[in-house]
Amino acid sequence: MKTTLQRITTVNALFMILFCITISCVNDEDIDINIPDDGENEDPVEEVYIAIPDGNFEQILINQGIDSDGKINQLISKPDAEKISELDLDVLRGSAIYDLTGIEGFVNLKKLSVYQHNIDRIDLSSNILLDSVYLIANYITTIDVSNNPNLILLDVRSNTLRSIKGISNATHLKNLDASHNFLEEFSTHNEYLEVLHMSHNDLMSINLNGAIRLRNILLTTNLLTTIDLSTNTSLETLLILDNKIQNISLENNTNVKHLYISGNSLLNLDVSNNQKLFQLKCEENPDLTCIKIKSGQEIPSVLLSDTQELNSDCN
């Protein structure tokens, strides 16, 4: 029977023999050690999938057949997202969404509708093809469309907006509706904008210089005391009821057809240069008694207070 020392010696001897055989049979050229570069170290899940943390968001995607695995697993495949050009997330099709994280993966999206959810923030910087965005009745406080140059329509009514950024970068934007929010100021020089609706905000100042194509402006129920429309020569409809306007010049706005300026603090009003004027409403301006018109000018539809009159001579 071998002793313990003999067994150890025998094992060591065998190991050395095998080691030597291995070394003698393998040349340096045959050794292939692959060290993956940084790109190959990426998590394969991150390469193929997009995170969808909000289960209600994912459920709607499943209901619409967009998330093809049909499971609530907080993931959607990139191919599933990238094939979508229109996304309608109507709340009636599922429970309310709180988090729209994952929308950045829908890089070919052109139309997005997110009506009546509980979203308080949104990042659309990756969705550069968007042309129509409806985010009505959410809780969004700010939105930036600086990276959405193809945007034609932006509807953000009934949110809690306090700022809108990047409008001047949206060089194709024609229609902006931000009514029923909390905006205190707004400025844009976007020369493509045609329709601007910002009723029921807290606007104290607005700058529309350079928005030369504006045809329709709705600013009802704000806190404006003055407004400069001298560069908005395409203007056809101006609804600016229920503000604090004291003076307004419409001399350059010869295309105006509809002027609603009731419920302000006007001291005077001159529409003698607005020969296309079809509708005029200016009642409930306590200090306004005479509205100046051009001799022979006819305005088919007029609504005045009992103390007001149209006259070519207002002294």
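Visitor: Before we start, what's a nonpolar core?
Guide: It's a set of buried Ala, Val, Leu, Ile, Met, Phe, Trp, Tyr and Cys residues joined through side-chain atoms within 4.5 Å. Keep in mind that what you see here is a predicted model.

Visitor: OK, so which residues touch the most other members of the largest core?
Guide: F106 and L112 do, in a core of 71 residues. Helix α3, residues 55-63, gives the most to this core, with 3 residues.

Visitor: And what does F106 touch?
Guide: Leaving out residues up to four places away in sequence, F106 touches F57, L61, I66, I76, A81, I84, L87 and N127.

Visitor: Switching to the sheet: how many strands does it have?
Guide: It's an open sheet of 11 strands with parallel pairing, running β3-β4-β5-β7-β9-β11-β13-β14-β15-β17-β19. β3 (86-88) and β19 (301-303) are at the edges; each has a single partner strand, so one side of each lacks a neighbour in the sheet.

Visitor: What joins β17 to β19?
Guide: 3 bridges, and the two strands run parallel. K281, for one, has L303 in β19 as its bridge partner.

Visitor: Where's C282, then?
Guide: C282 is in the loop between β17 (279-281) and β18 (290-292).

Visitor: Is C282 buried or exposed?
Guide: Buried, because its relative accessibility is 0%. Beyond four places in sequence, its contacts include I261, L288 and L303.

Visitor: How confident is the prediction, and where does pLDDT stay under 50?
Guide: The average pLDDT is 88, and 84% of the residues score at least 70. Over residues 1-39, pLDDT stays under 50.

Technical notes
Residues numbered from 1 in each chain as written. Predicted model: local features only at pLDDT ≥ 70, side-chain atom pairs only at ≥ 80, totals over all residues. Heavy atoms only, no water. pLDDT = per-residue confidence, 0-100. Contact = heavy atoms within 4.5 Å. Helix = DSSP H or I, 4+ residues; strand = E, 2+ residues; numbered from the N terminus. Buried < 20%, exposed > 50% of the residue type's maximum accessible area, 1.4 Å probe, protein only. Pairing = 2+ DSSP bridges.
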